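Subject: Handover of a structure and the findings on it

Dear colleague,

Please find below the structure that I am handing over to you. I should be grateful if you would read the notes beneath it with the coordinates open.

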Amino acid sequence: MNIDDVSGDLSAVLLTEEQITARIAQLASEIDRDYNGLQPLLVGILSGAVMVMADLSRMMRIHCEMDWMAISSYGSGVASSGVVRILKDLNTSVVGRHILIVEDIVDTGLTLSYLIENLKSRNPASIEVCAGFRKPDRARKEVKVKYLGFDIPSDFVVGYGLDYAGRYRNLRGLGILNPAVYS
Ligand code: IMP
C-alpha cells in the first residue's frame with residue numbers, strides 16, 4: 001500500500017519507504033560488523049517488527065537465526081496500557097546466544113524493558129536491541145537501543161509494520177495518523 005492510497009487518513013508523512021530502507025541498510029552493516037562470526041539470534045516482536053525484520057535480515061551479509069515472540073501491548077487503542085504479557089514465547093533456547101531483539105517502535109519503553117529482563121534471566125551471551133523508530137519524549141523506562149532507525153515525534157504513527165486497529169501495517173512509509181481516524 002502506498003502513501004497515496006491512504007493520504008486522507010494521514011496528517012503528515014514522516015518517512016518515505018526509501019528513507020527507511022536506506023537507514024535499515026546502514027544498521028545492517030553495523031550489525032554485520034559487530035556480530036561477525038557470532039551468528040546472532042534475531043528475536044522479532046510480533047506483529048509490528050515483521051517489516052524491520054524482513055528488510056534488516058535480508059540486508060545483513062552474515063549468518064543469523066530468527067525467532068519470534070508475541071507480547072500484549074495496545075490492543076486496538078492508541079494509549080499504552082503498561083500491561084505486558086507473553087502471548088507467544090520463543091521456539092529456540094537462548095542460553096549462550098547473542099540475542100538481538102528486533103522491535104518496530106520504542107514508545108514508553110515498558111514492553112522492551114520487561115522483555116529484556118525476561119530474556120536476561122535465560123542466560124544468553126548478550127542482548128541488544130534494534131528498533132525501527134523511537135519516540136524519545138514518551139519514554140517512561142530507559143531502554144538502550146543500540147541500533148536505531150529514527151527518533152520521531154510523539155504522535156501516533158502507522159505504516160512499515162505499525163498498525164491502528166489492525167490496519168496500515170502494509171503501508172510502505174511511515175505517517176502520522178490523522179486523529180479524526182481514531183477519535
Ligand atoms: P511501549 O511499550 O510503550 O514502548 O510500546 C510498544 C508497542 O506499542 C510497540 O511495539 C508498538 O506495537 C505499539 N506502539 C507504540 N507506539 C505506536 C504508534 O505510534 N503506532 C502504532 N503502534 C505503536
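The notes that follow begin with the whole chain and then turn to sheets, a helix, backbone geometry and individual residues.

Overall architecture

Please bear in mind that this is a predicted model. The protein contains 3 helices and 9 strands, and from the N terminus the elements follow the order β-α-β-α-β-β-β-α-β-β-β-β. The radius of gyration is 16 Å, which agrees with the value near 16 Å that a compact globule of 183 residues would have. Along the principal axes, the C-alpha atoms occupy a box of roughly 50 × 35 × 25 Å.

Of the 183 residues, 47% are buried. The accessible surface amounts to about 8,800 Å², and carbon and sulfur atoms account for 47% of that area. If one takes the contacts between residues at least 6 apart in sequence, 65% of them link residues at least 24 apart. As to charge, there are 19 positive and 22 negative side chains, and 5 Å separates the centres of the two sets.

The antiparallel sheet

One open sheet is built from 3 strands in the order β1-β9-β8, with antiparallel pairing. Its edge strands are β1 (10–15) and β8 (157–158), each of which pairs on one side only. Between β1 and β9 (residues 174–177) there are 4 bridges in the antiparallel sense. Within this pairing, Leu10 has Leu177 of β9 as its bridge partner.

Strand β5 and its parallel neighbours

How many of the residues of β5 are buried? The count is 9 of 9, so to the definition of buried as under 20% relative accessible area the whole strand conforms. Strand β5 pairs with β2 in the parallel sense over 4 bridges, and in that pairing Gly44 has Val102 of β5 as its bridge partner. Strand β5 is also joined to β6 by 8 bridges, and these two strands run parallel. There, Leu100 stands opposite Glu128 in β6. As general background, strands of a sheet pair through backbone hydrogen bonds, in either the parallel or the antiparallel sense.

Helix α3

Helix α3 covers residues 110–120, and its buried residues are Leu110, Leu112, Ser113, Leu115, Ile116, Asn118 and Leu119. An α-helix has 3.6 residues a turn, so residues three or four places apart point the same way. Which strands do the buried residues of α3 pack against? They pack against β2 (41–46), β3 (65–71), β4 (86–88), β5 (98–106) and β6 (126–134). Strands β2, β5 and β6 thus appear here again, having been described above in the parallel pairings of β5 with β2 and with β6.

Backbone geometry to check

Most residues other than glycine have a negative phi, and most peptide bonds are trans. Three places in the model depart from that pattern and may interest you.

- A cis peptide bond connects Leu46 and Ser47, with omega about -5°. Ser47 belongs to the loop between β2 and α2 (50–59).
- Gln39 is not a glycine, yet its phi is positive, at about 40°. This residue sits in the loop between α1 and β2 and is partly exposed, with a relative accessible area of 34%.
- Ala165, likewise not a glycine, has a positive phi of about 50°. The loop between β8 and β9 holds Ala165, which counts as partly exposed at 42% relative accessibility.

Two individual residues

Val6 lies in the segment before β1. Is Val6 buried or exposed? Val6 counts as buried because its relative accessibility is 9%, and the cut-off for buried is under 20%. Leaving aside residues up to four places away in sequence, Val6 touches Met1, Tyr168 and Leu171. The C-alpha atoms of Val6 and Gly44 are 27 Å apart in space, with the two positions 38 residues apart in sequence numbering.

Arg33, in helix α1 (residues 17–34), is exposed, because its relative accessible area is 58% and exposed means over 50%. Its C-alpha atom is separated by 26 Å from that of Arg122, and the two residues are 89 residues apart along the chain.

With kind regards

Notes:
Residues are numbered from 1 along each chain as its sequence is written. This is a predicted model: local features need pLDDT of at least 70, side-chain atom pairs count only at pLDDT 80 or more; totals for chains, interfaces and linings use all residues. Side-chain values use heavy atoms; hydrogens and water are left out. The radius of gyration is taken over C-alpha atoms; the globule rule is 2.2 Å times the number of residues to the power 0.38. Buried means under 20% relative accessible area, exposed over 50%, partly exposed in between (1.4 Å probe, protein chains only). Contact means heavy atoms within 4.5 Å. Accessible areas come from the Shrake-Rupley method with a 1.4 Å probe; for residues, only the protein chains shown count as cover. Lys and Arg count as positive and Asp and Glu as negative; His and the chain ends are not counted. The place of a charge is taken as NZ of Lys, CZ of Arg, CG of Asp or CD of Glu. Two strands pair if DSSP finds at least two bridges between them.
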